[in-house]
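Biologist: Could you take me on a close look at one part of this protein, the second largest cavity and what surrounds it? I would enjoy a walk through the residues there, and then a step outward to the core and the sheet.

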Amino acid sequence: VTSVGDNAFANCQFTGFVLPVSVTTVGANAFNNCSSNKSFGNLAYLTKIGQLAFNNCTFEDITFSNDAVIAAQAFTGCTINGVLTVSEGVTISEKAFTSTKIGTVDYRAPVWPDNAFRNAEISTKVILADSVTDIGAGSFAVGNATIEATLKNVTNIGNGVFKGATFTSDISIPSGATVGSYAFEGATLKNVFYDADMVSAGTFL
């Protein structure tokens, strides 16, 4: 078995469900609105996840393969109790994690698409690696998680992306980077450096 087709298990109820390592593709709506007494198993071998594939499903931790492609709204309404790890080679579409409840996001891919985590509730923290260069708009519409990031390699920070966020370390916005409207509105920061010049400490914008 190498794939799970579109709508294959939509609206099903499980005691538990474990995907074998041979499965690399999960189609659109494959597990849409499924309920289970246990979270789904390892998704690390999947390279293609379709739209609404795991809508409203529950997971403990998720780590994607380095070449995974995640469709729009693939994990809408999901609960991820532990850590969501997005490796550098992963491609995520807009709104992939809309209205998702997540403990921690460990994000390493270069591009964070617009509204990737629209209305998501991230309870613990978001870790943005230095490999992240393009952060789309509206990523943190809901949630009070702390942010661990230097931002030293970013080229774009979208509108409202860190609105109300709390940063745990200094950030450095490089020369030439584009910073969108309300990008840091109401945020709490430590030292902020823009092109190696300190701008402010504490709350910024």
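**A cavity and its surroundings**

Modeller: Happy to! The second largest cavity has a lining made up of Leu 19, Pro 20, Val 21, Val 23, Asn 42, Leu 43, Ala 44, Tyr 45 and Leu 46. Please keep in mind that this is a predicted model. Sorted by class, eight of the lining residues are nonpolar and one is polar, with no charged residue in the set. The space inside comes to about 30 Å³, and the search of the whole structure turned up two cavities of 30 Å³ or more.

From the lining we can step outward through Leu 19, one of the residues in contact with Phe 31. Leaving aside neighbours within four places in sequence, Phe 31 also touches several other phenylalanines, namely Phe 9, Phe 14, Phe 17, Phe 40 and Phe 54, and its contacts include Asn 55 and Cys 57 too. Phe 31, Phe 54 and Phe 75 are the residues with the most contacts inside the largest nonpolar core, which has 62 residues. Strands E9 (79-86), E11 (101-107), E13 (121-128), E18 (171-173) and E20 (187-194) each supply at least two residues of this core. In soluble globular proteins, nonpolar side chains tend to be buried together.

Now to the sheet. Four strands form an open, parallel sheet in the order E12-E14-E16-E19. Its edges are E12 (111-112) and E19 (178-179), each pairing on one side only. Strands E14 (residues 134-135) and E16 (residues 156-157) are joined in the parallel sense over two bridges, and Asp 134 stands opposite Asn 156 in E16.

Terms used
Residues numbered from 1 in each chain as written. Predicted model: local features only at pLDDT ≥ 70, side-chain atom pairs only at ≥ 80, totals over all residues. Heavy atoms only, no water. 1 Å grid on protein atoms, 1.4 Å probe; cavity = no way out; pocket = protein on both sides within 12 Å on 5 of 7 lines; lining within 4 Å. Points joined across faces, edges and corners; volume = space filled by probe spheres on them. Nonpolar A, V, L, I, M, F, W, Y, C, P; charged D, E, K, R; others polar. Pairing = 2+ DSSP bridges. Core = buried A, V, L, I, M, F, W, Y, C linked by side-chain atoms within 4.5 Å. Buried < 20%, exposed > 50% of the residue type's maximum accessible area, 1.4 Å probe, protein only. Contact = heavy atoms within 4.5 Å.
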